[in-house]
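Let's take a walk through this chain, one helix at a time. Have a look at the sequence and the model first.

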Amino acid sequence: MPADHQAAAAGPDAGPGVEPIAEQVFTALADPTRRAILAALASGGPGTATDLAARLPITRQAIAKHLNLLAGSGLVRAEPGERRRVRYRLRSAPMRVAQQFLAALARDWDSLLDALKDHLARTSPDGDTETSWLITDPPGRSRP
């Protein structure tokens, strides 16, 4: 694993390299075509732009453009093949960095929401509030 990915694998607090990696991953995943290409590589294994064009309703040229961006984000690796054909293989390291980045954000939100819940319980005359269900109940479930 490259040094910048090793440092980033420790989580968002590990240093300045984490956020740029996560940003590149999120930018790459923002496009549904790139997500479809990644899914095709995940299910069918490594492939060329031509292979992927046969599996997806996208031109080879469009796939090549998206593969270039995916390679730039580190999500795929280009490997030289026979007759100047380039095969693309998934790389999981950048995705793990993005997952860890999101997990750290979730932990931050969880602690903030817990603090809000505690504050509402403390400031309520009976130790419970009408609005406490907003924090404790799962989405889609409401109290009468």
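What follows covers one helix and then one pair of rings.

This is a predicted model, with local features needing pLDDT of at least 70, side-chain atom pairs counting only at pLDDT 80 or more, and totals for chains, interfaces and linings using all residues. Residues are numbered from 1 along each chain as its sequence is written, and side-chain values use heavy atoms, leaving out hydrogens and water.

Start with helix H3, residues 32–44; helices here are DSSP runs of H or I with at least four residues, strands are E runs of at least two, and both are numbered from the N terminus. The end C-alpha atoms of H3 sit 18 Å apart, which agrees with the 18 Å that its 13 residues should span at 1.5 Å a residue (1.5 Å times one less than the number of residues). At its N-terminal end, Asp31 acts as the cap, with a side-chain oxygen 2.8 Å from the backbone nitrogen of Thr33 (a polar contact is an N or O pair within 3.5 Å, one able to donate a hydrogen and the other to accept it; residues adjacent in sequence count only if both atoms are side-chain atoms). After H3 comes Gly45, with a positive phi near 85°.

Which residues of H3 are buried? They are Arg34, Ile37, Leu38, Ala40 and Leu41 (buried is under 20% relative accessible area, exposed over 50%, partly exposed in between, with a 1.4 Å probe and protein chains only). Down the axis of H3, they fall within an arc of 160°, so they line one face (the arc uses directions from the helix axis to the C-beta atoms). Pro32, Ala42 and Ser43 are exposed on the face turned away.

Now the rings: there is one aromatic pair (Phe, Tyr or Trp rings, six-membered for Trp, with centres within 6.5 Å; planes under 30 degrees apart are stacked, over 60 edge-to-face, the rest tilted). Phe26 and Phe101 form it, tilted, at 6.2 Å centre to centre and 55° between the planes. The pair links Phe26 in H2 to Phe101 in H6, 75 residues apart.
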